[in-house]
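User: Please take a close look at the largest pocket and at the parts of the chain around it. I am a first-year student, so please explain each term as it arises.

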Amino acid sequence: MVKQLEHYQSNSREETVTIAENFAKTLQKGDIVCLYGGLGAGKTAFVSGVAKGLGYQGYTSSPTFTLMNEYIAALPIYHFDVYRIAGSDEMEAVGIDDYLFGDGVCLIEWPDKIADLLPEAVIRVEILKSSTDENQRTITIERERGS
């Protein structure tokens, strides 16, 4: 397997959404996208762009208190925010495997909390907020491709 890295600069929420919308066009059934970045980095804005790119026309929001939002699009979208969970056992109890190995695309915020439940082949999206410009982000997408 060869790691493929893509780097983007975003100067606004709208640019982040556009980057994610284009990224969404590369997603396939069963893809798991792990979103890394601190609070307020733009993970949920990225999810909004993915949803838009997959044809979802509605409003998207962070499932911080509901654990998962599902959006019906060209591919079903399962958006998880596991920031508030105690550990992997809690996610197993809600049946996360049904989503991880289901018919849609999983987008997971704070995936480190459930790393032991995730397969090795995930797409990593890291969003870093600039320390000097509140609106600027560096977005890195890492995928593994067959050699």
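Analyst: Residues are said to touch, or to be in contact, when they have heavy atoms within 4.5 Å of each other. This is a predicted model, in which local features need pLDDT of at least 70 and side-chain atom pairs count only at pLDDT 80 or more, while totals for chains, interfaces and linings use all residues. Residues are numbered from 1 along each chain as its sequence is written, and side-chain values use heavy atoms, with hydrogens and water left out.

The protein averages a pLDDT (the predictor's confidence in each residue, from 0 to 100) of 90, and 95% of the residues score at least 70. Among the elements, α1 has the highest mean pLDDT, 97, whereas helix α3, residues 88–93, has the lowest, 83.

The largest pocket holds about 270 Å³ of space. A pocket is an open set of points on a 1 Å grid where a 1.4 Å probe fits, with protein on both sides within 12 Å along at least five of seven lines; its lining residues have an atom within 4 Å of a point. The lining of the largest pocket comprises 21 residues, and those nearest its centre are Gly 40, Ala 41, Gly 42, Lys 43 and Thr 44. Two elements, α1 (13–24) and α2 (43–53), give two or more residues to this lining. The helix α2 gives the most, with three residues. Helices are DSSP runs of H or I with at least four residues, and strands are runs of E with at least two. Sorted by class, the lining has seven charged, nine polar and five nonpolar residues; Asp, Glu, Lys and Arg count as charged, and Gly is among the polar ones.

Helix α2 deserves attention in its own right. Eight of its eleven residues are buried, that is, under 20% relative accessible area, where over 50% is exposed and the range in between is partly exposed (1.4 Å probe, protein chains only). The buried residues of α2 are Lys 43, Ala 45, Phe 46, Val 47, Ser 48, Gly 49, Val 50 and Ala 51. Lys 52 also lies in helix α2, but this residue counts as partly exposed because its relative accessibility is 46%. Leaving aside residues up to four places away in sequence, Lys 52 touches Val 17 and Glu 21. The C-alpha atoms of Lys 52 and Ala 20 are 8.6 Å apart, although 32 residues separate the two in sequence. After α2 comes Gly 55, with a positive phi near 95°.

On the other side of α2 in sequence, Leu 39 is found in the loop between β2 (32–36) and α2. Leu 39 is exposed, with a relative accessible area of 62%. Its contacts, not counting residues up to four places away in sequence, are Tyr 83, Trp 110 and Lys 129. From the C-alpha of Leu 39 to that of Val 82, 43 residues away along the chain, the separation is 13 Å.

One of these contacts, Trp 110, sits in the loop between β5 (105–109) and β6 (123–129). Most residues other than glycine have a negative phi. Trp 110, which is not a glycine, nevertheless has a positive phi of about 65°.

Conventions. Points joined across faces, edges and corners; volume = space filled by probe spheres on them.
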